[in-house]
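User: I'd like a close look at one part of this model, with enough of its surroundings to make sense of it. Start with the overall layout, then zoom in.

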Amino acid sequence: MRLEQVHEQFDAANVQMNQSEEVNAETASTEEAIDIAWCRTYYWAMGSDYIYIGSDGKIYAEGEMEEPLWWPSGACKENYSGEQFTEEELNEFLSLNEDDEDGQKEMLRRKGIRLGK
């Protein structure tokens, strides 16, 4: 085998590898994207609680932060609280008046989400 053929095979293998890495990166980010149905910031003295609810009813939370570490369009599996609304509960939650902070907090507390200190 000539040296030119070896280089051509090496280059072709690199191109194929790079293309598969690009596809995997696209697939990974799509799989981790979260379709957010609702989000709210609950402010308090030295920080805030950031709560996001996915369209599947999963609750994502970041507590006691000055600014969130992630945004709804990003991957945030580590912020999933482990709690999830049933479809009925999610519809009930989403039907609350957006200014009814006490009602929202009460429903979140029932799901084990603590807000503030």
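How many helices and strands does the protein have? Then please take strand 2 as the part to look at: which of its residues point one way and which the other, and how many bridges join strand 2 to strand 3?

Analyst: Quick housekeeping first. This is a predicted model, in which local features need pLDDT of at least 70 and side-chain atom pairs count only at pLDDT 80 or more, while totals for chains, interfaces and linings use all residues. Residues are numbered from 1 along each chain as its sequence is written, and side-chain values use heavy atoms, with hydrogens and water left out.

On to the layout. The protein has 3 helices and 4 strands (DSSP runs numbered from the N terminus: H or I of at least four residues for helices, E of at least two for strands). Reading from the N terminus, the elements go α-β-β-β-β-α-α. The strands make an open sheet of 4 in the order 1-2-3-4, with antiparallel pairing (two strands pair if DSSP finds at least two bridges between them). Strand 1 (36-44) and strand 4 (80-84) are the edges, each pairing on one side only. From one strand to the next, the twist averages 20° (axes are lines fitted to C-alpha atoms, for helices over the stretch in contact, and angles run from 0 to 180 degrees between N-to-C directions).

Now strand 2 itself. On one side, strand 2 pairs with strand 1 in the antiparallel sense over 8 bridges, and the two form a hairpin with 2 residues between them. Within that pairing, Tyr-42 sits opposite Asp-49 of strand 2, and Thr-41 has Tyr-50 as its bridge partner. Strand 2 is joined to strand 3 by 5 bridges, again antiparallel. That pair makes a hairpin too, with 3 residues in between, and Gly-57 in the turn has a positive phi of about 90°. Here Tyr-52 faces Tyr-60 of strand 3. Tyr-60 in turn has Tyr-80 of strand 4 as a bridge partner, and strand 3 (residues 58-65) and strand 4 run antiparallel with 2 bridges joining them.

As for what covers strand 2, 8 of its 8 residues are buried (under 20% relative accessible area; exposed is over 50% and partly exposed lies in between, with a 1.4 Å probe and protein chains only). Gly-47, Asp-49, Ile-51 and Ile-53 point one way, and Ser-48, Tyr-50, Tyr-52 and Gly-54 the other. For scale, 26% of the protein's 117 residues count as buried.

Ile-51 and Ile-53 belong to the largest nonpolar core, which has 12 residues, including Trp-38, Tyr-42, Phe-85, Phe-93 and Met-107 (a core being a set of buried Ala, Val, Leu, Ile, Met, Phe, Trp, Tyr and Cys residues joined through side-chain atoms within 4.5 Å). Strand 1, strand 2, helix 2 (87-95) and helix 3 each give two or more residues to this core. Tyr-50 and Tyr-52 are part of a second, separate core of 5 residues, alongside Ile-34 and Met-65.

Helix 3 (residues 101-110) lies across strand 1, strand 2 (47-54) and strand 3, at about 105° to strand 1. Met-107 is in helix 3 and counts as buried because its relative accessibility is 5%. Beyond its neighbours within four places in sequence, Met-107 is in contact with Phe-85, Glu-89, Glu-92, Phe-93 and Leu-96 (contact means heavy atoms within 4.5 Å). The C-alpha atoms of Met-107 and Phe-93 are 7.2 Å apart, with the two residues 14 apart along the chain.

Just one more stretch links back to strand 2. Leaving out neighbours within four places in sequence, Ile-113 is in contact with Ile-51, Ile-59, Ser-81 and Leu-108. Lys-111, in the segment after helix 3, has 15% relative accessibility, so it counts as buried. The side chains of Lys-111 and Glu-89 make a polar contact of 3.0 Å (a pair of N or O atoms within 3.5 Å; within protein, one must be able to donate a hydrogen and the other to accept it, and residues adjacent in sequence count only if both atoms are side-chain atoms).
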